[in-house]
Amino acid sequence: MNLPAEQRTTPVCERASWMALLLGVSLVFGDPAFGQTRDGTTPASGIKSALPMHLVVGKSLVYESPVPFMRASLANPEIAETLVLSPRELYVMGKTVGMTNLTLWGRDGHVTVVHDVDVAPDLAQLKTQLHQLLPDETQLQVTATHDHVTLSGMIGSAIRLNQVLALAEAYMPKKVVNLLQVSGVQQVMLEVRVAEMDRTLLRRLGVNASFTDGSGKSFGVSALRNLASVLPAGDSSAAISPGPFAAIAPPYGLALGQAVNALFRFQSGSSTWTGFIDALKENNLAKVLAEPTLVAISGQEASFLAGGEFPIPVPQAFGVTTVQFKKFGVQLNFIPVVLDQRRMSITVTPEVSELNFANGLVLQGFTVPSINTRRASTVIELGDGQSFAIAGLLRDQVREVVSKYPVLGDIPILGALFRSSQFQKNETELVIVVTPHLVVPTTEAKLPLPTGRFIEPDDFDFYVMGRMHSAGPPLRPRGARSMLEERIEGPVGHVMP
C-alpha cells in the first residue's frame, strides 16, 4: 500500500522531536556533561578543588593556571576585573566589595576550574595607623567581614577602646562590628563620707505681767509673744487665777504658754502681781557622719539607701485620698567608668536627708513632715585610692527678734519688763568626700562581719556581771558540741547538694 509523502514523513518527525526532548532532560537532570566529573572539574586537568581568591578593593594579583586556558569569565564584572596576560596567566583586580566566581575553559572547550573571588575592603592603612598610635596593643585584631570591619581581641582601657572605634568609624562609617573586651579590673568600690556639724545658739528673754486689785475692778495684763493668754472668766481651762479673791469672782483667767519657764506672784496690800518669765539660753550640737560603700561594674549604675520611706497623703477627686512614699536617709547613686588601670571617671550623687516635723504641715488630720536634705551631684576623674571633696558647705546664720511696747520697751533697765527678745545663731559645716578603689573578688573568710565578734552572754555574765555580751569565747572541752547543737535537737544547718 503506497501512502502519500506527507503521511510517510510525519511519524519520523515526531520520533525526532521526542528524542531531542529526552536528550535535553538528561542534560539538565541527568549525568554530568561529557568530559566533566561530578565535582565540576575535567578529568584531564586533575584539579579536584579550587582555592578561593582573596582580593582587596583597588588591588590586584596575577593568577597562574596549572593548565593552559582559552577563555576566562567573571560572573559579576562589577566586583572584579580580569585581563589575560598569557595562556597560563590571568590578571585579576578587585573593584568593589563583594563575592563572585571566576571560570576558566581549556583548549578542548571544557571548564577546567572555577574559583570563588572574595573582594574585601582595604584595611592595611587602618591597621598601620592603629599600630602607630597603639603599638603596645598586641591583642587587637582587625578583620574584614563582607562589607563590615570587625574589631576583636583585648584592649587595655576604655579610653583606647573609644580611640579604636573612632578610627574605624572614619574608614567604614556605621559598618564597624565591635567585639573588643577591656582587660584588667572593671569593678569599682566607692567610699563616700558625709560629715556635718550643726551648732545652734539660742537666747530668749521675755516677761508678761498681770495686776489685779482687791475689788476685782482694776486689773491689767501684758501678753507679748503669748507667754500668758487671757481667757474668759470661769473658763475651766485657765491654769491660774489672776488673784486670790474670796467673795468676788475673778474677771478673767490666765493660760500658760509653752515658752514659760518661770512664774512668780506677790501681794502688796490688796493688790496682786503675777509675773510670767521666759528666760532661756540653749546650745545645740548635732553631728552627722555617714559612710556608705558601694561596688559596681564599669559603666553600670549602682544605688544605695540606708533609711526608709514615709507616707504622704495625696487628695484626689471625689474625696479619694491616695498615699505616696518619699525616701529619706542616706542615699548614694554612682556610675563608674574605668579609663585605665590607674584612672576612672565617676558620676556620683550622694544625699543625706532627715525628717523635720517642726516645719511640717497638717493635711486632713495627718502630719506631713518636711525634709532637710543635703545633696551633691558631679562628675569627677581621679585615680585608685585618691580622695576628692566633691561638696562643702559653711553656713552662719544669725536671727534676732525683739517684741516690745512702744516707749515702755525703750526705758533702760525697767524696759526689759515690757519687751521680749530672742537671739538665734546657726552654724553648719558640711563636707562630702569620695574615694574610689579598683577591687577584685575575694574569699568569704577574708570578709569580716559586724556580728563576728559578738558572743552571747551566759548567765554569769548577764546576771552577775551585767554584761550585754560575753567577755571571751566560751570554754568548751575538745570535741564538745557547739552552742547551736546544744540548743537544737536533730540535724540543722544548710543542706548541701
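**A colleague's note on the salt bridges, cores and surface of this chain**

1. Let me start with the charged pairs: the count for this chain comes to 12 salt bridges. Please keep in mind as you read that this is a predicted model. As general background, side chains of opposite charge can pair when their charged atoms come close.

2. One pair to look at is arginine 199 with glutamate 429, whose side chains meet in a salt bridge at 3.3 Å, N to O. Because arginine 199 sits in strand β11 and glutamate 429 in strand β24, this bridge ties together parts that lie 230 residues apart in sequence. Arginine 199 is partly exposed, with 32% relative accessibility. Its partner, glutamate 429, is partly exposed as well, with a relative accessible area of 38%.

3. Another bridge joins arginine 343 to glutamate 381, and here the closest N and O atoms are 2.6 Å apart. Again, distant parts of the chain are linked: arginine 343 belongs to strand β20 and glutamate 381 to strand β22, 38 residues apart. The relative accessibility of arginine 343 is 33%, so this residue counts as partly exposed. For glutamate 381 the value is 46%, which also falls under partly exposed.

4. Towards the end of the numbering, have a look at arginine 467 and aspartate 461, which form a salt bridge with their closest N and O atoms 3.3 Å apart. Which side of the pair is buried and which is partly exposed? Aspartate 461 counts as buried because its relative accessibility is 5%, under the 20% cut-off. Arginine 467, at 32%, counts as partly exposed. Elsewhere, Asp136, Glu137 and Arg160 are linked in a network of salt bridges.

5. Now to the nonpolar interior. In soluble globular proteins, nonpolar side chains tend to be buried together. The largest nonpolar core here has 24 residues, and the members that touch the most others are Leu190, Val192, Val194, Phe334, Ile346, Val348 and Val434. Which elements give two or more residues to this core? They are β11 (187-212), β17 (293-297), β19 (321-338), β20 (343-363), β22 (378-383) and β24 (419-439). There is also a second, separate core of 16 residues, with Leu134, Val164, Ala168 and Leu180 among its members.

6. Isoleucine 346 is a good residue to select in your viewer. Setting aside neighbours within four places in sequence, isoleucine 346 is in contact with Leu190, Phe334, Ile335, Pro336, Thr378, Val379, Ile380, Leu382 and Pro436.

7. Threonine 200, in strand β11, is worth a look too. With a relative accessible area of 18%, threonine 200 is buried, since buried means under 20%. Its side chain makes a polar contact of 3.3 Å with the side chain of asparagine 426. Not counting residues up to four places away in sequence, threonine 200 touches Glu282, Asn283, Asn284, Gln424, Lys425 and Asn426.

8. Where does glutamine 341 lie? This residue is in the loop between β19 and β20, and its 37% relative accessibility makes it partly exposed. The C-alpha atoms of glutamine 341 and serine 183 are separated by 9.3 Å, although their positions lie 158 residues apart along the chain. Beyond its neighbours within four places in sequence, glutamine 341 contacts Gly156, Ser183, Gly184, Val185 and Leu438.

9. On the surface, Phe460, Phe462, Tyr463, Val464, Met465 and Met468 form a nonpolar patch, with about 720 Å² of accessible area together. One of these, valine 464, lies in helix α4 (residues 459-464). Valine 464 counts as exposed because its relative accessibility is 57%, over the 50% cut-off.

10. Finally, some whole-chain values to set beside these local views. The chain has five helices and 24 strands. Of its 497 residues, 28% are buried. Among contacts with a separation of 6 or more, 61% are between residues 24 or more positions apart. The accessible surface comes to about 32,400 Å², and carbon and sulfur atoms account for 58% of it.

Conventions:
Residues numbered from 1 in each chain as written. Predicted model: local features only at pLDDT ≥ 70, side-chain atom pairs only at ≥ 80, totals over all residues. Heavy atoms only, no water. Patch = residues over 30% accessible without salt bridge, like charges linked within 9 Å, V, L, I, M, F, W, Y side chains within 5 Å. Areas by Shrake-Rupley, 256 points an atom, 1.4 Å probe, with all protein chains shown as cover. Salt bridge = Lys/Arg side-chain N within 4 Å of Asp/Glu carboxyl O. Helix = DSSP H or I, 4+ residues; strand = E, 2+ residues; numbered from the N terminus. Buried < 20%, exposed > 50% of the residue type's maximum accessible area, 1.4 Å probe, protein only. Core = buried A, V, L, I, M, F, W, Y, C linked by side-chain atoms within 4.5 Å. Contact = heavy atoms within 4.5 Å. Polar contact = N/O pair within 3.5 Å; in protein donor to acceptor, adjacent residues only side chain to side chain.
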